[in-house]
Amino acid sequence: MSRNNDLFDAAFKHIPGGVNSPVRAFGSVGGTPPFISRGHGAYVWDADDKRYIDYVGSWGPLILGHAHPEVIAAVEKAARNGLSFGAPTAAEVELADLLCSLLPALDQVRLVSSGTEATMSAIRLARGFTGRDKLIKFEGCYHGHADSLLVKAGSGLLTFGNPSSAGVPAAVAADTIVLPYNDVAALEACFAENVGKIAAIIVEPVAGNMNLVPATPAFVTAMRELTQAHDAVLIYDEVMTGFRVDLTCAQGLHRVKPDLVTLGKVVGGGMPLAAFGGRADMMAKLAPLGPVYQAGTLSGNPVAVAAGLATLKLISAPGFFTALTAKTRKLVDGFNAAASAANVPFSAQNVGGMFGLYFSASTPNSFAEVMAGDRVRFNAFFHTMLEHGVYLAPSAYEAGFVSAAHTDVDIDDTIAIAGRAFKQFSA
Ligand SMILES: *Cc1c(COP(=O)(O)O)cnc(C)c1O
């Protein structure tokens with residue numbers, strides 16, 4: 001008997017779909033999700049005490065691996081002094097100073113508790129600052145579940161968006177324009193058609209919520225130049241890429257200074273902590289200084305701040321990202337070699353410590369290209385890997401994550417298992 005199966009059955013009784021966030025239910029790949037009982041370093045164990053090499057890392061935050069002793073010690077120390085005060089603390093000043101010293105785009109930063117809150121607040125601020133309503137987002141990018149972001153492309157490229165979730169008013173979706181990722185011409189046309197109306201662009205600078213699709217240099221340049229030319233706000237949503245692709249984040253790799261930045265995942269080291277920040281003239285519009293309201297009972301929570309500070313200090317060590325990037329590169333090179341040995345159309349790539357795996361012969365550039373991958377094959381591959389103790393994200397449309405705790409042996413073992421998994425597709 002499987003305790004995982006029993007728990008999943010039991011979970012359905014009082015939790016919708018048995019989970020507290022939809023992708024955990026394995027709806028895309030089918031089967032029963034492992035219920036995780038503990039994690040250590042690169043590994044997690046499920047309720048049946050089966051061990052997995054983990055490439056999900058809590059969907060990105062655990063860049064140091066599970067239960068890193070220094071992070072746990074910082075959390076324990078903070079917790080002993082009290083879980084929450086709803087009042088200013090010294091540690092949150094330290095974290096704000098550190099974030100502003102790491103990212104030149106941040107003159108000021110405010111802490112919140114989730115990536116969703118960070119993007120929702122940044123958009124409100126961009127609208128309050130510009131006095132405009134229209135927002136541009138790109139197809140396949142995810143920015144959390146605020147109403148104005150749960151929008152999909154309408155028919156025709158320049159039409160306004162349609163809600164992608166029930167419960168989102170059409171009027172809210174109407175102010176969100178959804179454009180194809182990496183399409184400079186569509187972006188130029190949109191600004192030309194909406195002069196004086198666009199408050200902001202929000203973008204995942206390396207899209208990690210449609211598998212992995214890096215922004216092209218031309219697209220990066222166009223976003224920065226068009227927002228500048230039209231007095232619109234460029235929001236880099238680095239909730240996933242922040243301190244994951246590099247210590248300078250994607251904006252450092254792009255050599256771009258966005259106007260506003262959102263952070264989450266790694267910045268909280270596995271605790272509920274996120275942030276948004278940017279230009280001083282924009283941040284000055286936030287309450288209590290200015291007219292844009294934003295608040296949070298648990299914002300800057302001392303235990304979460306302790307985890308974030310401990311994590312950021314450890315990943316600031318010289319060479320940390322060079323080593324993480326090389327390790328992740330070794331993994332994707334190994335996947336590519338194993339697929340090609342089995343004669344399976346496949347491609348994989350990484351940016352820093354995040355990677356994408358696609359069942360198609362070349363790496364995708366857009367949402368449409370991601371959707372053209374062979375999902376049936378991904379699902380079969382996923383289940384073979386899981387059965388042999390490798391935990392990949394349970395969807396063909398999610399990025400994967402390597403941590404500093406993954407050893408060369410873990411990577412080699414993973415590639416060997418992948419080699420066997422690819423053979424099921426060999427003719
Ligand atoms: C995860 C994610 C979010 C949402 O963060 P939550 O903490 O899940 O609310 C927003 N933007 C991006 C790019 C993300 O990857």
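Modeller: Before we start, a bit of vocabulary: a residue is called buried when its relative accessible area is under 20%. And keep in mind that this is a predicted model.

Biologist: Okay, so what makes you say that both faces of E2 are covered?

Modeller: Look at each side in turn. Tyr43 and Trp45 are on one side, Val44 and Asp46 are on the other, and all are buried. That means each falls under the 20% cut-off, so both faces count as covered. It fits a general pattern, too: side chains in a regular strand alternate between the two faces of the sheet.

Biologist: How do you know that E2 and E3 are paired?

Modeller: Pairing takes at least two bridges. E2 (residues 43–46) and E3 (residues 51–54) are joined by 3 bridges, so they pass, and they run antiparallel. For instance, Val44 has Tyr52 as its bridge partner in E3, while Tyr43 stands opposite Ile53.

Biologist: And what makes E1 and E2 a pair?

Modeller: Same test: they have 4 bridges against the required two, so they pair, again in the antiparallel sense. Gly39 has Val44 as its bridge partner in E2. These two strands form a hairpin with 2 residues between them, and Gly41 in the turn has a positive phi of about 60°.

Biologist: Why are E1 and E17 said to stand at the edges?

Modeller: The sheet is open, with 4 strands in the order E1-E2-E3-E17. E1 (36–40) and E17 (390–391) each have a single partner strand, so one side of each is left without a neighbour in the sheet.

Key. Residues numbered from 1 in each chain as written. Predicted model: local features only at pLDDT ≥ 70, side-chain atom pairs only at ≥ 80, totals over all residues. Heavy atoms only, no water. Buried < 20%, exposed > 50% of the residue type's maximum accessible area, 1.4 Å probe, protein only.
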